Amino acid sequence: MIKAVIFDLDGVLVTTDELHYLAWKSLADDLGITTFTKEDNVRQRGVSRMASLEIVLEKTPTKYTDEQKLELAEKKNTIYVKSLEGLSAEDLLPGVKDFIAFLKVKSIKTAIGSASKNTPMILEKTGIKYDFDAISCGLDTTKSKPDPEVFLIAAQKLGLKPTECVVIEDSDAGIQAAKNGGMYAVAVGAAMNNPLADYKAESIDSWDYRNCDLFM
Ligand code: BG6
Ligand code: MG
């Protein structure tokens, strides 16, 4: 049996994936980029802020210096953080609280493994900060998913081996990162069809985890 579940945050626990998209779309509009779409945003899932920016900039022939890129990333983050103002427990995805309660009953540890540097603020606003035994996020890492760093740090903080952990992810980069780190991977949402995943479900809410061999 596994000993811990490491959750991605945006799009797995909270609806903030949509807010990321809207903030990038707003930045793209400001830059005169009209061709940035939801399909482009799928590739932004799971990857760092700077890597996400590069996906927007693929859509323009304009070349930006590293300094300008930092300014653009900061600008997007200001838009994004503003959109988090009204975030609350109502923005948790369906079934999340029940699943965490199920894991507590089973004495399975829980952690966050998210690329986002806004993780502490989001956990605070949604009221789930104290539901996790460890938090690993963009503030702890130097490498973006698909590098496994963020999940390995989570396992280390829990005092567990990678093989004792399962990652739940909605991004292809995150599923790849979990497998690169030697962990089990559950793909939900946008990553649901990822062939590398060990388990797949449309969402946490629709996943029959009570009958999953991971938890038996
Ligand atoms: C991930 C999102 O969780 O966090 C990415 O899926 C985002 O789309 C990344 O770019 C970094 O987030 P932040 O909040 O540090 O800009
Ligand atoms: Mg995600």
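This is a short talk on helix packing, the largest pocket and two backbone details in one predicted model.

Okay, housekeeping. Since the model is predicted, local features need pLDDT of at least 70 and side-chain atom pairs count only at pLDDT 80 or more, while totals for chains, interfaces and linings use all residues. Residues are numbered from 1 along each chain as its sequence is written, chains are lettered from A and ligands numbered from 1 in the order in which they are written, and side-chain values use heavy atoms, with hydrogens and water left out.

Let's start with helix H1, residues 16-30, against helix H4, residues 66-83 (helices, H or I, are DSSP runs of at least four residues, strands, E, of at least two, numbered from the N terminus). Their axes are 9 Å apart and the packing angle is about 135° (axes are lines fitted to C-alpha atoms, for helices over the stretch in contact, and angles run from 0 to 180 degrees between N-to-C directions). That makes H1 and H4 oblique to each other (under 35 degrees is roughly parallel, over 145 roughly antiparallel, 65 to 115 roughly perpendicular, and the rest oblique). Who touches whom? From H1, residues including Leu19, Ala23, Trp24 and Leu27 meet H4 residues, among them Leu72, Ile79 and Tyr80 (contact means heavy atoms within 4.5 Å). By class, that contact of H1 with H4 has seven nonpolar, four polar and three charged residues (Ala, Val, Leu, Ile, Met, Phe, Trp, Tyr, Cys and Pro count as nonpolar, Asp, Glu, Lys and Arg as charged, the others, Gly among them, as polar).

H4 also packs with H3, at about 100° with axes 10 Å apart, so these two are roughly perpendicular. On the H3 side we have Arg49, Met50, Leu53, Glu54 and Leu57, and H4 brings Lys69, Leu70, Leu72, Ala73 and Asn77. The class split there is six nonpolar, one polar and three charged.

Next, the pocket lining. H1, H2 (38-44), H3 (49-57) and H4 each supply at least two residues to the lining of the largest pocket. That lining divides into five nonpolar, 14 polar and 10 charged residues.

Last, the backbone. Most residues other than glycine have a negative phi, and most peptide bonds are trans. Ser107, in the loop between H5 (96-105) and strand E2 (109-113), has a positive phi near 60°. And the bond from Lys145 to Pro146 is cis, omega near 20°, with Pro146 in the loop between E3 (134-136) and H7 (149-158).
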